[in-house]
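Work through the exercises below with the sequence and the model open beside you. Try each task before you read its solution.

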Amino acid sequence: MDEVVKFSLPVVLAILAWWLKLAREQSTVGRAIYSEIMALTEITGHRHFLQDLRVRAQLYRNDPSTPAEEYRISVADHYCRVYAGNIQNIGCLDAEQAALIVRFYQLADSVVRDISEGGRLYQGTNDPSAYEESALLLEHALQVAEDLKRLRERQSNERWSRRFWRAIT
């Protein structure tokens, strides 16, 4: 019996240390990326980007003869620096959270490409479908951010045993 304890105790302690390290990494990476996503959605809301895209789409749909205007928004290259800096750690997050995070950034990047140099809105168009498509992608990104928020709230209310089970499976 003494030998069982002697050999199993280090194994149990190693598993516990691994789980604590994984939980800390998951928590830190998840919180950082989540904070960045929430900041981006807040900025998007305060600057009314989604509403502006919809208004322009409606304007061009109602009067196709309206001359095309450039739709340019200066987006810094580092708008997703937390995500980019932690891309190698996405795998330590649970699958559902990782999928939402990657989906958010893919949708957001698509909109950024449209309004940045070389994008079709940046170059100027009076095609309402171009504005509608960007608005739809931005709306989906904002919905994914809300889904992520609900997921994190649900997970934060889980019992420690459930979180442990999720971490090891």
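## Exercise 1: an unusual loop residue

Histidine 48 has a relative accessibility of 46% and therefore counts as partly exposed, where buried means under 20% relative accessible area, exposed means over 50%, and partly exposed lies in between, with a 1.4 Å probe and protein chains only. Before going on, note that this is a predicted model, in which local features need pLDDT of at least 70 and side-chain atom pairs count only at pLDDT 80 or more, while totals for chains, interfaces and linings use all residues. Residues are numbered from 1 along each chain as its sequence is written, and side-chain values use heavy atoms, with hydrogens and water left out.

Task: Find where histidine 48 is located, and describe its phi.

Solution. Begin with the location: histidine 48 sits in the loop between α1 (2-46) and α2, where helices (H or I, at least four residues) and strands (E, at least two) are DSSP runs numbered from the N terminus. Next, recall that most residues other than glycine have a negative phi. Finally, look at the backbone of histidine 48, which is not a glycine and yet has a positive phi of about 60 degrees.

## Exercise 2: the whole chain

Task: State how many helices and strands the chain has, and what percentage of its residues count as buried.

Solution. Counting the elements gives seven helices and zero strands, and reading along the sequence gives the pattern α-α-α-α-α-α-α. Of the 169 residues of the chain, 38% count as buried. For the contacts (heavy atoms within 4.5 Å), consider those between residues at least 6 apart in sequence, of which 77% join residues at least 24 apart.

## Exercise 3: helices packed on α6

Task: Describe how α2 packs against α6, and then do the same for α4 and α6.

Solution. Two packed helices are described by the angle between their axes and the distance between the axes. The axes are lines fitted to C-alpha atoms, for helices over the stretch in contact, and the angles run from 0 to 180 degrees between N-to-C directions.

1. The axes of α2 (residues 49-62) and α6 (residues 128-156) come within 8 Å and cross at roughly 155 degrees.
2. The helices α2 and α6 are therefore roughly antiparallel, on a scale where angles under 35 degrees count as roughly parallel, over 145 as roughly antiparallel, 65 to 115 as roughly perpendicular and the rest as oblique.
3. The crossing of α2 with α6 is left-handed, a term used if the near helix is turned anticlockwise from the far one by less than a right angle, whereas clockwise makes it right-handed.
4. The residues of this contact of α2 with α6 divide into ten nonpolar, two polar and five charged, where Ala, Val, Leu, Ile, Met, Phe, Trp, Tyr, Cys and Pro count as nonpolar, Asp, Glu, Lys and Arg as charged, and the others, Gly among them, as polar.
5. For α4 and α6, the angle is about 155 degrees and the axes are 9 Å apart, and these two helices are therefore also roughly antiparallel.
6. The crossing of α4 with α6 is left-handed, and their contact has 13 nonpolar, five polar and six charged residues.

## Exercise 4: aromatic rings

Task: Classify the ring pair of tyrosine 83 and tyrosine 105, and then the pair of phenylalanine 104 and tyrosine 105.

Solution. The structure holds four aromatic pairs, where rings of Phe, Tyr and Trp (its six-membered ring) pair if their centres lie within 6.5 Å, and planes under 30 degrees apart count as stacked, over 60 as edge-to-face and the rest as tilted.

1. The ring centres of tyrosine 83 and tyrosine 105 are 4.0 Å apart with the planes at 15 degrees, so this pair is stacked.
2. Tyrosine 83 belongs to helix α3 (residues 81-85) and tyrosine 105 to helix α4 (residues 95-115), so that the pair links distant parts of the chain, 22 residues apart.3. The ring centres of phenylalanine 104 and tyrosine 105 are 5.1 Å apart with the planes at 90 degrees, so this pair is edge-to-face.
4. Phenylalanine 104 is buried at 4% relative accessibility, and tyrosine 105 is buried with a relative accessible area of 0%.

## Exercise 5: two threonines in loops

Task: Determine how far apart threonine 66 and threonine 125 are in sequence and in space.

Solution. Threonine 66 lies in the loop between α2 and α3, and threonine 125 lies in the loop between α5 (120-123) and α6. Threonine 66 is buried at 13% relative accessibility, and threonine 125 is buried with a relative accessible area of 15%. The two threonines are 59 residues apart in sequence and 10.0 Å apart in space, C-alpha to C-alpha.
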